Protein chains: 2
Amino acid sequence: MPDPTHSVDPVQLGAYFALIEVSGLLRHAIDQQLREDGDLTFVQFQVLMRLDQSPTGSHRMTDLADAIVHSRSGLTYQAGLLEKAGLITRAPSPDDERGVTVSVTEAGRALIGQVLPGHEAVVGRMLFDPLSRDDARTLARLLTPVRDHMRASAPRSATPRRRRGT
Amino acid sequence: MPDPTHSVDPVQLGAYFALIEVSGLLRHAIDQQLREDGDLTFVQFQVLMRLDQSPTGSHRMTDLADAIVHSRSGLTYQAGLLEKAGLITRAPSPDDERGVTVSVTEAGRALIGQVLPGHEAVVGRMLFDPLSRDDARTLARLLTPVRDHMRASAPRSATPRRRRGT
DNA sequence: TAGACGTGCTTCGATTTCGAAGCAAGTAGA
DNA sequence: TCTACTTGCTTCGAAATCGAAGCACGTCTA
């Protein structure tokens, strides 16, 4: 049975609220910069970034969706837009015929290069201006285990089957 | 002109990515719990919470929108739903006839009471299980100034219409 | 007091998002 | 091999979100 003493003390509440606010404000600022610099949404940018960073320049749809914390149907929609814009290609996965492998195109990489400086500038200013180098290291040290813990406890496709539980 | 050397080092990048992922995963988990326990979205919950926490039980629309980092039109939409559900009331502000003052109803407070334990359980488990008390304090210490800095630099309704003042 | 401008909220249209249902390809057991 | 069951993605319909435009009230200045 789950520990019933999972109440949230004031300090935790402050951290939680600050986290939610910071991520919301940061997302808005990023969205605006990306739109101005390259007519991209944050989701689209994240897709291109993940592909760009991959050694092969490609990923499966499901892996992408999980990586950027987005629904599968939402990713299908965005992949359609990105493909139409010539920034990615979609092809059946070689090893599993029902899988789809997404790859960045040269145009996609070029666009990343175009928006990345502005992106880093915004993140640097908004998020890291008030933080020292040590602070940034500490933040990473705190959040990385949290991320891993979350990924471990809420593994795949959101709702793992729900019955009459209401 | 802002400092052009605002590049992001690997440590910062890790912190940034972890922050985005954590907030996304957390939001999804919260959304699901709120829907199951009280048929609320996270945005609606935040509105009710802010009102519930207010000494007067009410807020102006604009203040609410800023507090929860949401567009004004989006808040209008949600306020319509919440009012229809009898969880809030809307009335012209006493001191400014064009303003709208939103207040929680008893039903609204009751619903908050209904979903809050589950909410705290989710936040406690997902966010604070991997963190010690000191870690939580540190997280708050890091993120609070960031939040304040963001709020200070991107003040009101998104683009403040650069006038001659800039 | 009048005209011009600023502010607070809502309406509108377009886009994005999600979950559920659907479909095709893989897998396991008889 | 046949027949379920699983898995990976897309389609579909409903809902949420945003920015721009609109409207009504406030404020300032002459």
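Which residues are closest to DNA strand C? The first close-up answers this, and the others move through the rest of this predicted model.

**View 1. The protein surface around DNA strand C.** A total of 21 residues surround DNA strand C, and the closest are A:S71, A:Y77, A:Q78, B:T62 and B:T76. Of the atoms of DNA strand C that come within 4 Å of the protein, 70% belong to sugar and phosphate. Sorted by class, the surface near this strand holds five nonpolar, nine polar and seven charged residues. Both chains take part: α4 (72-84) of chain A, along with α3 (61-67) and α4 (72-84) of chain B, each supply at least two residues. The most come from α4(A), which gives four residues.

**View 2. Polar groups beside DNA strand C.** Here we look at individual atoms. In chain A, a polar side-chain atom of A:H70 sits 3.4 Å from a phosphate oxygen of DNA strand C. A:S73 meets a base instead, with a polar side-chain atom 3.0 Å from a base oxygen of the strand. Chain B offers B:R98, where an N or O atom of the side chain is 2.8 Å from a base oxygen of DNA strand C.

**View 3. The protein surface around DNA strand D.** Around DNA strand D there are 21 residues, the closest being A:T62, A:T76, B:S71, B:Y77 and B:Q78. Sugar and phosphate make up 75% of the atoms of DNA strand D that lie within 4 Å of the protein. The surface near this strand divides into five nonpolar, nine polar and seven charged residues. At least two residues each are supplied by α3 (61-68) and α4 of chain A and by α4 of chain B. Which helix has the largest share of this surface? That is α4(B), with four residues.

**View 4. Phosphate contacts on DNA strand D.** This view picks out three residues and their phosphate partners. A polar side-chain atom of A:R90 lies 3.0 Å from a phosphate oxygen of DNA strand D. For B:Q78, a polar side-chain atom is 2.7 Å from a phosphate oxygen of the strand. B:E97 uses its backbone, placing an N or O atom 3.3 Å from a phosphate oxygen of DNA strand D.

**View 5. Helix α6 of chain A and its neighbours.** Now we leave the DNA for helix α6 of chain A, which covers residues 133-153. Its 21 residues reach 31 Å from first C-alpha to last, close to the 30 Å expected at 1.5 Å a residue. Buried residues of α6(A) include A:L139, A:L142, A:L143, A:V146 and A:M150, and among them are also A:D135 and A:R147. What do these buried residues pack against? Their partners are α5 (106-128) of chain A together with α1 (10-38), α5 (106-128) and α6 (133-153) of chain B.

**View 6. Chain A and its relation to chain B.** Chain A has six helices and three strands, arranged along the sequence as α-α-β-α-α-β-β-α-α. Of its 166 residues, 48% count as buried. Among contacts in chain A between residues at least 6 apart in sequence, 53% join residues at least 24 apart. Chain B superposes on chain A after a rotation of 180° with 0.0 Å of shift along the axis, giving an RMSD of 0.0 Å. This is the relation of a two-fold axis. The copies meet through the same surface, because 97% of the interface residues of chain B are also interface residues in chain A.

Technical notes
Residues numbered from 1 in each chain as written. Chains lettered and ligands numbered in written order. Predicted model: local features only at pLDDT ≥ 70, side-chain atom pairs only at ≥ 80, totals over all residues. Heavy atoms only, no water. Least-squares fit on C-alpha atoms with pLDDT ≥ 70 in both. Contact = heavy atoms within 4.5 Å. Near = heavy atom within 4 Å. Polar contact = N/O pair within 3.5 Å; in protein donor to acceptor, adjacent residues only side chain to side chain. Nonpolar A, V, L, I, M, F, W, Y, C, P; charged D, E, K, R; others polar. Expected span 1.5 Å × (residues − 1). Buried < 20%, exposed > 50% of the residue type's maximum accessible area, 1.4 Å probe, protein only.
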